[in-house]
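Please study the sequence and the structure shown below before attempting the exercises. Each exercise is followed by a worked solution.

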Amino acid sequence: MHLRNVELFCEIAQRRSFSKAAEAQNVSQPAASQAVHALEERLGAQLIDRSVRPLGLTPAGKVYFEGCRRLLDEFRLVEDQVR
């Protein structure tokens, strides 16, 4: 798993937009889309419901987002402690 893909997924989930999340993370919209696709392939589950606007999370996406958000928060705390 690439941490960057998880960060992008969380940004997309929070902003409910691939393009807004990509801009915030300084990547292209296709790169953000590919990151989520890679996660979905790895997990074997659709995370984002692309059929609605603004974007919504699937039930699996909600579970993944909550877990990843907690992990990223903990990761940042550890980095801050090391610094």
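The exercises below concern a predicted model.

**Exercise 1. The nonpolar core**

Determine which helices supply residues to the largest nonpolar core, and which helix supplies the largest share.

Solution.
Step 1. The largest nonpolar core has 20 residues. Those with the most contacts inside this core are Val6, Phe9, Cys10, Ile12, Phe18, Ile48 and Tyr64.
Step 2. At least two core residues are supplied by each of α1 (3-15), α2 (18-24), α3 (29-43) and α4 (59-82).
Step 3. The largest share comes from α1, with 6 residues.
Step 4. For one of the core residues, Ile48, the contacts beyond four places in sequence are Phe9, Ile12, Phe18, Val36, Glu40, Leu55, Gly56, Leu57 and Thr58.

**Exercise 2. The packing of α1 against two other helices**

Classify the packing of α1 with α4 and of α1 with α3 from the angle between the axes.

Solution.
Step 1. Two packed helices are described by the angle between their axes and by the distance between the axes.
Step 2. The axes of α1 and α4 lie 10 Å apart and form an angle of about 120 degrees. This angle makes α1 oblique to α4.
Step 3. The crossing of α1 past α4 is left-handed.
Step 4. On the α1 side, the residues that meet α4 are Leu3, Val6, Glu7, Phe9, Cys10, Ala13 and Gln14. Their partners in α4 are Gly61, Tyr64, Phe65, Cys68, Arg69, Leu72, Phe75 and Arg76.
Step 5. For α1 and α3, the angle is about 110 degrees and the axes are 9 Å apart. Here α1 is roughly perpendicular to α3, because angles of 65 to 115 degrees count as roughly perpendicular.
Step 6. In this second pair, Asn5, Val6, Leu8, Phe9 and Ile12 of α1 meet Ala32, Ala35, Val36, Ala38 and Leu39 of α3.

**Exercise 3. The surroundings of Thr58**

Establish whether Thr58 is buried or exposed, and describe its contacts.

Solution.
Step 1. Thr58 is located in the loop between β2 (56-57) and α4.
Step 2. The relative accessible area of Thr58 is 14%. Thr58 therefore counts as buried, since buried means under 20%.
Step 3. Beyond four places in sequence, Thr58 is in contact with Gln46, Leu47, Ile48 and Asp49.
Step 4. A polar atom of the Thr58 side chain lies 2.6 Å from the backbone oxygen of Gln46.

**Exercise 4. Backbone features in the loops**

Locate the cis peptide bond, and find the loops that hold Arg16 and Asn26.

Solution.
Step 1. The peptide bond from Arg53 to Pro54 is cis, and its omega is near -5 degrees. Pro54 belongs to the loop between β1 (48-49) and β2.
Step 2. Arg16, in the loop between α1 and α2, is not a glycine, yet its phi is positive, at about 55 degrees. With a relative accessible area of 43%, Arg16 is partly exposed.
Step 3. Asn26, in the loop between α2 and α3, also is not a glycine and has a positive phi of about 60 degrees. Its relative accessible area is 72%, so Asn26 is exposed.

**Exercise 5. The position of Ala24**

Describe the accessibility of Ala24 and its contacts.

Solution.
Step 1. Ala24 is part of helix α2.
Step 2. Its relative accessibility of 34% makes Ala24 partly exposed.
Step 3. Not counting residues up to four places away in sequence, Ala24 touches Glu11 and Arg15.
Step 4. Ala24 and Tyr64 are separated by 40 residues in sequence and by 21 Å in space, C-alpha to C-alpha.

Key. Residues are numbered from 1 along each chain as its sequence is written. This is a predicted model: local features need pLDDT of at least 70, side-chain atom pairs count only at pLDDT 80 or more; totals for chains, interfaces and linings use all residues. Side-chain values use heavy atoms; hydrogens and water are left out. A nonpolar core is a set of buried Ala, Val, Leu, Ile, Met, Phe, Trp, Tyr and Cys residues joined through side-chain atoms within 4.5 Å. Buried means under 20% relative accessible area, exposed over 50%, partly exposed in between (1.4 Å probe, protein chains only). Helices (H or I, at least four residues) and strands (E, at least two) are DSSP runs, numbered from the N terminus. Contact means heavy atoms within 4.5 Å. A polar contact is a pair of N or O atoms within 3.5 Å; within protein, one must be able to donate a hydrogen and the other to accept it, and residues adjacent in sequence count only if both atoms are side-chain atoms. Axes are lines fitted to C-alpha atoms, for helices over the stretch in contact, and angles run from 0 to 180 degrees between N-to-C directions. Angles under 35 degrees count as roughly parallel, over 145 as roughly antiparallel, 65 to 115 as roughly perpendicular and the rest as oblique. A crossing is left-handed if the near helix is turned anticlockwise from the far one by less than a right angle, and right-handed if clockwise.
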